[in-house]
Amino acid sequence: MGLALVALPIAIDAQDKPKDERKGLPPAADRTSRAAVVFAPYRFGDILWENDRTAHRIYGRPLEKAEPPSSSGIDAWGKNVRWPFMDRQLRTGDQHANHGEGIDFYGVHSFRGAGGLGIWYDNKLWVSRNYSRYRILQNGPDTASFSVDYDRWPVDVARSVWETRRFTLPAGTNFTRMVSTLKSDKPGDLIVGIGISKHPTDETKRGTLTVDRAAGRLTWWGPTDPAKGTMGVALLVDPKAIVDVTADADNYLVLLRASPGKPFVYYMGAAWDRGLDVHSQQDWLAMVRAANTDFRP
(Lines give C-alpha, C1' and ligand atoms only; values in the text may rest on other atoms or scores of the structure.)
Protein backbone atom coordinates (compact mmCIF):
# COMPACT_ATOMS: atom_id res chain seq x y z
CA MET A 1 0.00 0.00 0.00
CA GLY A 2 2.12 3.15 0.60
CA LEU A 3 3.44 3.20 -2.98
CA ALA A 4 3.53 6.48 -4.84
CA LEU A 5 1.62 6.99 -8.04
CA VAL A 6 3.81 6.18 -11.03
CA ALA A 7 3.73 8.46 -14.05
CA LEU A 8 3.55 6.59 -17.33
CA PRO A 9 6.69 7.16 -19.44
CA ILE A 10 6.32 9.12 -22.65
CA ALA A 11 8.06 6.47 -24.72
CA ILE A 12 8.79 2.79 -24.29
CA ASP A 13 12.11 1.45 -25.57
CA ALA A 14 11.13 -2.21 -25.80
CA GLN A 15 8.47 -2.90 -28.42
CA ASP A 16 6.69 -6.07 -29.44
CA LYS A 17 8.96 -8.45 -31.29
CA PRO A 18 8.73 -8.53 -35.08
CA LYS A 19 6.33 -11.16 -36.34
CA ASP A 20 9.04 -13.49 -37.60
CA GLU A 21 10.69 -13.52 -34.14
CA ARG A 22 7.59 -14.29 -32.12
CA LYS A 23 7.53 -17.46 -30.09
CA GLY A 24 4.73 -19.53 -28.66
CA LEU A 25 3.50 -19.18 -25.11
CA PRO A 26 6.07 -20.55 -22.64
CA PRO A 27 4.69 -22.94 -20.00
CA ALA A 28 3.70 -21.49 -16.64
CA ALA A 29 6.43 -21.93 -14.05
CA ASP A 30 3.82 -21.81 -11.28
CA ARG A 31 0.32 -23.18 -11.81
CA THR A 32 -1.01 -21.99 -8.48
CA SER A 33 -4.48 -20.46 -8.67
CA ARG A 34 -4.12 -16.75 -7.86
CA ALA A 35 -5.08 -13.19 -8.72
CA ALA A 36 -2.43 -10.95 -10.28
CA VAL A 37 -1.89 -7.45 -11.63
CA VAL A 38 1.03 -6.55 -13.93
CA PHE A 39 2.30 -3.30 -15.42
CA ALA A 40 3.61 -4.06 -18.94
CA PRO A 41 6.13 -1.42 -20.05
CA TYR A 42 7.15 -3.65 -22.96
CA ARG A 43 3.63 -3.16 -24.42
CA PHE A 44 3.21 0.62 -24.18
CA GLY A 45 2.20 0.58 -20.52
CA ASP A 46 -0.74 -1.83 -20.55
CA ILE A 47 -2.02 -2.86 -17.13
CA LEU A 48 -3.12 -6.50 -16.95
CA TRP A 49 -5.22 -7.99 -14.17
CA GLU A 50 -6.73 -11.44 -13.78
CA ASN A 51 -7.79 -14.07 -11.31
CA ASP A 52 -8.76 -17.73 -11.52
CA ARG A 53 -11.76 -16.95 -13.75
CA THR A 54 -11.36 -13.83 -15.88
CA ALA A 55 -8.77 -11.46 -17.36
CA HIS A 56 -8.65 -7.78 -18.41
CA ARG A 57 -6.38 -4.93 -19.43
CA ILE A 58 -6.36 -1.17 -19.89
CA TYR A 59 -4.05 0.90 -22.06
CA GLY A 60 -1.35 3.48 -21.35
CA ARG A 61 -0.76 6.81 -23.04
CA PRO A 62 2.18 5.61 -25.21
CA LEU A 63 -0.23 3.36 -27.14
CA GLU A 64 -2.10 6.42 -28.42
CA LYS A 65 0.84 7.28 -30.69
CA ALA A 66 1.93 3.72 -31.47
CA GLU A 67 -1.43 2.21 -32.40
CA PRO A 68 -4.11 4.86 -32.96
CA PRO A 69 -6.96 4.97 -32.33
CA SER A 70 -6.46 3.90 -28.75
CA SER A 71 -9.00 4.00 -25.96
CA SER A 72 -9.66 4.40 -22.26
CA GLY A 73 -12.09 1.49 -22.63
CA ILE A 74 -11.53 -1.85 -20.89
CA ASP A 75 -10.37 -4.99 -22.67
CA ALA A 76 -11.58 -8.51 -21.79
CA TRP A 77 -9.69 -11.74 -22.48
CA GLY A 78 -10.96 -15.28 -22.40
CA LYS A 79 -9.03 -17.68 -20.16
CA ASN A 80 -9.36 -21.38 -19.35
CA VAL A 81 -6.73 -21.87 -16.65
CA ARG A 82 -6.72 -20.95 -12.97
CA TRP A 83 -3.20 -19.46 -12.94
CA PRO A 84 -2.05 -16.11 -14.45
CA PHE A 85 -1.24 -16.21 -18.15
CA MET A 86 -1.71 -12.71 -19.56
CA ASP A 87 1.84 -11.42 -19.10
CA ARG A 88 3.40 -14.47 -20.74
CA GLN A 89 0.92 -14.39 -23.61
CA LEU A 90 1.29 -10.66 -24.24
CA ARG A 91 5.09 -11.01 -24.34
CA THR A 92 4.79 -13.39 -27.30
CA GLY A 93 3.39 -10.55 -29.43
CA ASP A 94 0.68 -12.96 -30.51
CA GLN A 95 -1.97 -12.51 -27.82
CA HIS A 96 -4.81 -12.75 -30.36
CA ALA A 97 -4.21 -16.48 -30.86
CA ASN A 98 -5.25 -19.26 -28.50
CA HIS A 99 -2.06 -20.88 -27.19
CA GLY A 100 -3.97 -23.19 -24.87
CA GLU A 101 -4.58 -20.95 -21.85
CA GLY A 102 -6.72 -18.17 -23.27
CA ILE A 103 -7.15 -15.57 -26.00
CA ASP A 104 -7.62 -11.87 -26.63
CA PHE A 105 -10.22 -11.44 -29.36
CA TYR A 106 -12.30 -8.64 -27.79
CA GLY A 107 -11.69 -5.46 -29.80
CA VAL A 108 -11.89 -2.27 -27.75
CA HIS A 109 -10.77 0.18 -30.47
CA SER A 110 -11.90 3.68 -29.40
CA PHE A 111 -15.07 2.41 -27.69
CA ARG A 112 -15.91 1.70 -24.03
CA GLY A 113 -15.16 -2.02 -24.26
CA ALA A 114 -16.17 -3.84 -21.09
CA GLY A 115 -17.16 -1.08 -18.69
CA GLY A 116 -15.23 2.03 -19.67
CA LEU A 117 -16.95 5.29 -18.86
CA GLY A 118 -17.41 8.87 -20.04
CA ILE A 119 -19.53 11.92 -19.32
CA TRP A 120 -22.91 12.06 -21.07
CA TYR A 121 -23.65 15.60 -22.18
CA ASP A 122 -25.82 16.96 -24.99
CA ASN A 123 -26.63 13.38 -26.11
CA LYS A 124 -22.96 12.54 -26.58
CA LEU A 125 -20.38 10.59 -24.56
CA TRP A 126 -17.26 12.62 -23.80
CA VAL A 127 -14.37 10.32 -22.87
CA SER A 128 -10.89 10.59 -21.42
CA ARG A 129 -7.62 9.65 -23.02
CA ASN A 130 -5.76 6.57 -21.79
CA TYR A 131 -4.67 6.43 -18.15
CA SER A 132 -1.67 8.56 -17.19
CA ARG A 133 -0.49 7.30 -13.77
CA TYR A 134 -0.90 4.03 -11.89
CA ARG A 135 -0.35 2.48 -8.48
CA ILE A 136 -0.41 -1.27 -7.79
CA LEU A 137 -2.10 -1.83 -4.43
CA GLN A 138 -2.20 -5.63 -4.15
CA ASN A 139 -0.66 -8.18 -6.51
CA GLY A 140 -2.41 -11.34 -5.31
CA PRO A 141 -2.60 -13.99 -4.28
CA ASP A 142 -6.18 -13.42 -3.14
CA THR A 143 -6.83 -10.06 -4.80
CA ALA A 144 -5.57 -7.98 -7.72
CA SER A 145 -5.98 -4.28 -6.96
CA PHE A 146 -4.63 -1.05 -8.46
CA SER A 147 -5.63 2.54 -9.11
CA VAL A 148 -5.13 4.86 -12.08
CA ASP A 149 -5.57 8.52 -12.92
CA TYR A 150 -7.20 9.84 -16.07
CA ASP A 151 -6.07 13.37 -16.88
CA ARG A 152 -8.43 16.28 -17.41
CA TRP A 153 -10.66 16.02 -20.49
CA PRO A 154 -13.25 18.38 -21.98
CA VAL A 155 -17.00 17.89 -21.82
CA ASP A 156 -17.85 19.96 -24.87
CA VAL A 157 -17.22 23.58 -23.80
CA ALA A 158 -19.30 23.22 -20.63
CA ARG A 159 -16.66 21.94 -18.21
CA SER A 160 -13.58 19.77 -17.74
CA VAL A 161 -13.39 16.61 -15.65
CA TRP A 162 -10.70 14.21 -14.45
CA GLU A 163 -10.85 10.89 -12.67
CA THR A 164 -9.16 8.53 -10.24
CA ARG A 165 -10.41 4.93 -10.36
CA ARG A 166 -9.60 1.93 -8.15
CA PHE A 167 -9.96 -1.57 -9.63
CA THR A 168 -10.32 -4.62 -7.35
CA LEU A 169 -10.67 -8.22 -8.55
CA PRO A 170 -10.75 -10.88 -5.81
CA ALA A 171 -10.22 -14.56 -6.56
CA GLY A 172 -13.31 -16.64 -7.24
CA THR A 173 -15.43 -14.06 -9.08
CA ASN A 174 -15.85 -12.78 -12.64
CA PHE A 175 -16.53 -9.22 -11.47
CA THR A 176 -14.07 -6.37 -10.96
CA ARG A 177 -15.24 -3.76 -8.45
CA MET A 178 -14.42 -0.19 -9.45
CA VAL A 179 -14.52 2.94 -7.32
CA SER A 180 -14.54 6.09 -9.46
CA THR A 181 -13.96 9.60 -8.17
CA LEU A 182 -14.59 12.31 -10.74
CA LYS A 183 -13.60 15.93 -10.25
CA SER A 184 -14.61 18.97 -12.25
CA ASP A 185 -13.72 22.60 -12.75
CA LYS A 186 -17.42 23.47 -12.48
CA PRO A 187 -19.93 22.62 -9.72
CA GLY A 188 -23.00 20.49 -10.24
CA ASP A 189 -23.78 16.84 -10.80
CA LEU A 190 -22.46 14.81 -13.71
CA ILE A 191 -24.24 12.20 -15.80
CA VAL A 192 -21.81 9.31 -16.20
CA GLY A 193 -22.22 6.87 -19.09
CA ILE A 194 -20.78 3.39 -18.49
CA GLY A 195 -20.60 1.30 -21.61
CA ILE A 196 -20.42 -2.10 -23.27
CA SER A 197 -19.21 -2.07 -26.87
CA LYS A 198 -21.87 -3.12 -29.36
CA HIS A 199 -19.60 -5.17 -31.63
CA PRO A 200 -16.27 -6.01 -29.96
CA THR A 201 -15.91 -9.53 -31.39
CA ASP A 202 -17.66 -9.10 -34.75
CA GLU A 203 -17.85 -5.88 -36.77
CA THR A 204 -21.28 -6.77 -38.21
CA LYS A 205 -23.02 -8.71 -35.41
CA ARG A 206 -23.93 -7.17 -32.07
CA GLY A 207 -24.88 -10.06 -29.84
CA THR A 208 -27.70 -9.82 -27.28
CA LEU A 209 -28.15 -7.28 -24.48
CA THR A 210 -30.39 -8.12 -21.50
CA VAL A 211 -31.33 -5.20 -19.24
CA ASP A 212 -32.66 -5.56 -15.69
CA ARG A 213 -32.98 -1.92 -14.69
CA ALA A 214 -34.61 -2.68 -11.35
CA ALA A 215 -31.57 -4.72 -10.32
CA GLY A 216 -29.05 -2.43 -12.05
CA ARG A 217 -27.68 -5.16 -14.35
CA LEU A 218 -26.83 -5.09 -18.07
CA THR A 219 -25.73 -8.43 -19.51
CA TRP A 220 -24.30 -8.82 -23.00
CA TRP A 221 -23.71 -12.12 -24.79
CA GLY A 222 -21.74 -11.85 -28.01
CA PRO A 223 -22.02 -13.57 -31.37
CA THR A 224 -20.17 -16.87 -31.67
CA ASP A 225 -16.93 -17.07 -33.61
CA PRO A 226 -16.55 -20.69 -34.79
CA ALA A 227 -12.81 -20.64 -34.11
CA LYS A 228 -12.65 -18.44 -31.01
CA GLY A 229 -15.94 -18.87 -29.17
CA THR A 230 -18.18 -16.34 -27.44
CA MET A 231 -17.56 -13.55 -24.95
CA GLY A 232 -20.00 -12.25 -22.35
CA VAL A 233 -19.80 -8.89 -20.55
CA ALA A 234 -21.89 -7.39 -17.75
CA LEU A 235 -22.27 -4.14 -15.83
CA LEU A 236 -23.63 -4.04 -12.28
CA VAL A 237 -24.61 -0.60 -10.97
CA ASP A 238 -26.58 0.85 -8.09
CA PRO A 239 -30.16 0.94 -9.42
CA LYS A 240 -30.91 4.01 -7.28
CA ALA A 241 -28.32 6.02 -9.25
CA ILE A 242 -29.64 5.12 -12.74
CA VAL A 243 -30.86 8.02 -14.86
CA ASP A 244 -31.45 6.05 -18.06
CA VAL A 245 -30.34 3.10 -20.18
CA THR A 246 -29.50 4.22 -23.71
CA ALA A 247 -26.95 3.80 -26.50
CA ASP A 248 -24.79 5.74 -28.91
CA ALA A 249 -23.46 4.52 -32.25
CA ASP A 250 -20.87 2.21 -30.67
CA ASN A 251 -21.88 1.43 -27.09
CA TYR A 252 -24.76 0.29 -24.93
CA LEU A 253 -24.82 2.73 -22.01
CA VAL A 254 -26.20 2.92 -18.51
CA LEU A 255 -26.38 6.52 -17.29
CA LEU A 256 -25.75 7.31 -13.62
CA ARG A 257 -25.87 10.54 -11.66
CA ALA A 258 -22.62 11.33 -9.84
CA SER A 259 -21.29 14.30 -7.86
CA PRO A 260 -17.76 15.69 -8.36
CA GLY A 261 -15.47 14.60 -5.53
CA LYS A 262 -17.87 11.92 -4.31
CA PRO A 263 -16.79 8.33 -5.16
CA PHE A 264 -19.27 5.88 -6.67
CA VAL A 265 -19.03 2.13 -7.20
CA TYR A 266 -19.82 -0.11 -10.14
CA TYR A 267 -18.85 -3.61 -11.23
CA MET A 268 -17.76 -4.96 -14.58
CA GLY A 269 -17.49 -8.63 -15.45
CA ALA A 270 -16.63 -10.85 -18.40
CA ALA A 271 -16.71 -14.53 -19.29
CA TRP A 272 -15.69 -16.82 -22.16
CA ASP A 273 -17.76 -19.83 -23.15
CA ARG A 274 -14.57 -21.88 -23.59
CA GLY A 275 -13.38 -21.06 -20.09
CA LEU A 276 -13.90 -23.07 -16.93
CA ASP A 277 -17.05 -21.58 -15.38
CA VAL A 278 -19.41 -20.26 -18.08
CA HIS A 279 -20.40 -22.25 -21.17
CA SER A 280 -23.62 -20.62 -22.39
CA GLN A 281 -25.67 -17.44 -22.33
CA GLN A 282 -27.89 -19.02 -19.68
CA ASP A 283 -24.84 -19.69 -17.47
CA TRP A 284 -23.75 -16.06 -17.82
CA LEU A 285 -27.18 -14.60 -17.10
CA ALA A 286 -27.47 -16.77 -13.99
CA MET A 287 -24.01 -15.73 -12.79
CA VAL A 288 -24.79 -12.04 -13.27
CA ARG A 289 -28.11 -12.35 -11.44
CA ALA A 290 -26.44 -14.13 -8.53
CA ALA A 291 -23.47 -11.76 -8.17
CA ASN A 292 -23.04 -10.05 -4.82
CA THR A 293 -22.57 -6.29 -4.85
CA ASP A 294 -21.67 -3.58 -2.36
CA PHE A 295 -22.13 -0.04 -3.67
CA ARG A 296 -20.72 1.67 -0.58
CA PRO A 297 -17.44 3.44 -1.54
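In the predicted model, strands β5 and β19 (264–272) each contribute at least two residues to the lining of the largest cavity. The volume of this cavity is about 80 Å³, and the structure holds one cavity of 30 Å³ or more. The lining of the largest cavity comprises 14 residues, and those nearest its centre are Arg53, Lys79, Asn174, Ala271 and Trp272. By class, the lining divides into seven nonpolar, four polar and three charged residues.

Lys79, one of the residues nearest the centre of the largest cavity, also takes part in strand pairing, where Lys79 stands opposite Gly102 in β6. Strands β5 and β6 run antiparallel and are joined by two bridges. The two strands belong to an open sheet of five strands in the order β2-β3-β4-β5-β6, with antiparallel pairing. The edges of this sheet are formed by β2 (36–40) and β6, each of which pairs on one side only. In general, strands of a sheet pair through backbone hydrogen bonds, in either the parallel or the antiparallel sense.

Strand β4 (residues 55–58) of the sheet contains His56. His56 has a relative accessible area of 0% and is therefore buried. The side chain of His56 reaches the backbone oxygen of Asp75 at 2.9 Å. Leaving aside residues up to four places away in sequence, His56 touches Ile47, Leu48, Trp49, Ile74, Asp75, Ala76, Met86, Thr176, Met268 and Ala270. Asp75 thus appears both as the residue whose backbone oxygen is reached by the His56 side chain and among the residues that His56 touches.

A second antiparallel pairing involves strand β17 (residues 242–247) and strand β18 (residues 251–258), which are connected by five bridges. Within this pair, Thr246 has Leu253 in β18 as its bridge partner. The connection from β17 to β18 is a hairpin of three residues.

Arg177 is placed in strand β12 (residues 175–184). Arg177 counts as buried because its relative accessibility is 18%, the cut-off for this class being under 20%. The side chain of Arg177 makes a polar contact of 3.1 Å with the side chain of Tyr267. Tyr267 is also among the residues touched by Arg177 when residues up to four places away in sequence are not counted; the others are Arg166, Phe167, Thr168, Val265, Tyr266, Asp294, Phe295, Arg296 and Pro297. Arg177 and Leu236 are separated by 59 residues in sequence, and their C-alpha atoms lie 9.2 Å apart in space.

The largest pocket encloses about 320 Å³ of space. Its lining is made up of 18 residues, with Arg57, Tyr59, Glu67, Val108 and His109 nearest the centre. Seven of the lining residues are nonpolar, five are polar and six are charged.

His109, one of the residues nearest the centre of the largest pocket, has a positive phi of about 55° although it is not a glycine. His109 is located in the loop between β6 (102–103) and β7 (114–121). With a relative accessible area of 46%, His109 is partly exposed. A positive phi, of about 60°, is also found at Asn123, likewise not a glycine. Asn123 lies in the loop between β7 and β8 (124–126). Asn123 is classed as exposed because its relative accessible area is 65%, the threshold for this class being over 50%.

Two cis peptide bonds are described here. One joins Pro68 and Pro69, with omega at about -5°. Pro69 is situated in the loop between α1 (62–66) and β5 (75–79). Another cis bond runs from Gly140 to Pro141, with omega near -5°. Pro141 is found in the loop that lies between β9 (133–139) and β10 (143–155).

Key. Residues are numbered from 1 along each chain as its sequence is written. This is a predicted model: local features need pLDDT of at least 70, side-chain atom pairs count only at pLDDT 80 or more; totals for chains, interfaces and linings use all residues. Side-chain values use heavy atoms; hydrogens and water are left out. On a 1 Å grid over the protein atoms alone, a cavity is a set of points where a 1.4 Å probe fits but cannot get out, and a pocket is an open set with protein on both sides within 12 Å along at least five of seven lines; lining residues have an atom within 4 Å of a point. Grid points are joined across faces, edges and corners, and a volume is the space filled by probe spheres set on the points. Ala, Val, Leu, Ile, Met, Phe, Trp, Tyr, Cys and Pro count as nonpolar, Asp, Glu, Lys and Arg as charged, and the others, Gly among them, as polar. Helices (H or I, at least four residues) and strands (E, at least two) are DSSP runs, numbered from the N terminus. Buried means under 20% relative accessible area, exposed over 50%, partly exposed in between (1.4 Å probe, protein chains only). A polar contact is a pair of N or O atoms within 3.5 Å; within protein, one must be able to donate a hydrogen and the other to accept it, and residues adjacent in sequence count only if both atoms are side-chain atoms. Contact means heavy atoms within 4.5 Å. Two strands pair if DSSP finds at least two bridges between them.
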